[in-house]
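Welcome, and please take a look at the chain shown here. A short tour follows, from the whole fold down to single residues.

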Amino acid sequence: MQYSIGVEYGLHCLVYLIDIPPDSSIGIKDLSAFQGISETYLSKIFAKLAKAGIVNSVPGVKGGYRLSRSPEEISFWDVIEAIEGKKPIFQCKNIKDNGLLVRDNQNSTCCSETSACTINLVMLEAEENMRNFLRKKTLSWLNEELDHVLSKQIRQDTRAYFEKSNS
């Protein structure tokens, strides 16, 4: 299993939106310049985040994006699902139904009843545990963690960069 780098860019950019004033927004141009990625690529990520109701698009020359909900209400899983889609990670193909005994129907007692795929059930349970863990990690939590792991100067410089771009 692997999530695209778009999830990481999305989470980082969403954190930058936390501290802006409620009537402000940050443009894709500033976000992409700060991250060192193309505006086109980041625009695609933000289109998905907007469609999922995580951000609102603000039109106009000074337009951009802002959070549509409080950072406490936006989980890592919300962002992952918005960017990666909703399909399950494990795609069960019911290969147990292609086994020799089933194909040739040589043993009528072998498969007289349909049964759930045990492998699929385990994988679905594991995915649900992961989703629940990621639902507990919010943008607010991430913002607080970054205060611990990044220097105060980096955090101040980051906020100053986006404040300047809003002026």
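## Overall fold

Among contacts between residues at least 6 apart in sequence, 68% join residues at least 24 apart. Please keep in mind that this is a predicted model. The chain holds eight helices and two strands, and reading along the sequence gives the pattern α-α-α-β-β-α-α-α-α-α.

Of the 167 residues in the chain, 33% are buried. The exposed area comes to about 10700 Å², with 53% of it supplied by carbon and sulfur atoms.

## The hairpin

The two strands are a friendly place to start zooming in. Strand β1 covers residues 55-58 and strand β2 covers residues 64-67; they pair in the antiparallel sense over four bridges. One pair to look up is N56 with its bridge partner R66 in β2.

Five residues sit between the strands of this hairpin, and G60 takes a positive phi near 110°.

## A buried arginine

Next, have a look at R155, which is found in helix α8 (residues 152-166). Is R155 buried or exposed? R155 counts as buried because its relative accessibility is 9%, below the 20% cut-off.

What does the side chain of R155 meet there? Its polar contact is with the side chain of D147, at 2.9 Å. Beyond neighbours within four places in sequence, R155 is in contact with V15, N143, L146, D147 and L150.

## A nonpolar patch

Over to the surface: I119, V122 and M123 make a nonpolar patch of about 270 Å². Of these residues, V122 lies in helix α6, which spans residues 118-136.

Note on methods. Residues are numbered from 1 along each chain as its sequence is written. This is a predicted model: local features need pLDDT of at least 70, side-chain atom pairs count only at pLDDT 80 or more; totals for chains, interfaces and linings use all residues. Side-chain values use heavy atoms; hydrogens and water are left out. Patches are made of residues with over 30% relative accessible area and no salt bridge: like charges are joined within 9 Å, nonpolar side chains (Val, Leu, Ile, Met, Phe, Trp, Tyr) within 5 Å. Accessible areas come from the Shrake-Rupley method with a 1.4 Å probe; for residues, only the protein chains shown count as cover. A salt bridge is a side-chain nitrogen of Lys or Arg within 4 Å of a carboxyl oxygen of Asp or Glu. Two strands pair if DSSP finds at least two bridges between them. Buried means under 20% relative accessible area, exposed over 50%, partly exposed in between (1.4 Å probe, protein chains only). A polar contact is a pair of N or O atoms within 3.5 Å; within protein, one must be able to donate a hydrogen and the other to accept it, and residues adjacent in sequence count only if both atoms are side-chain atoms. Contact means heavy atoms within 4.5 Å.
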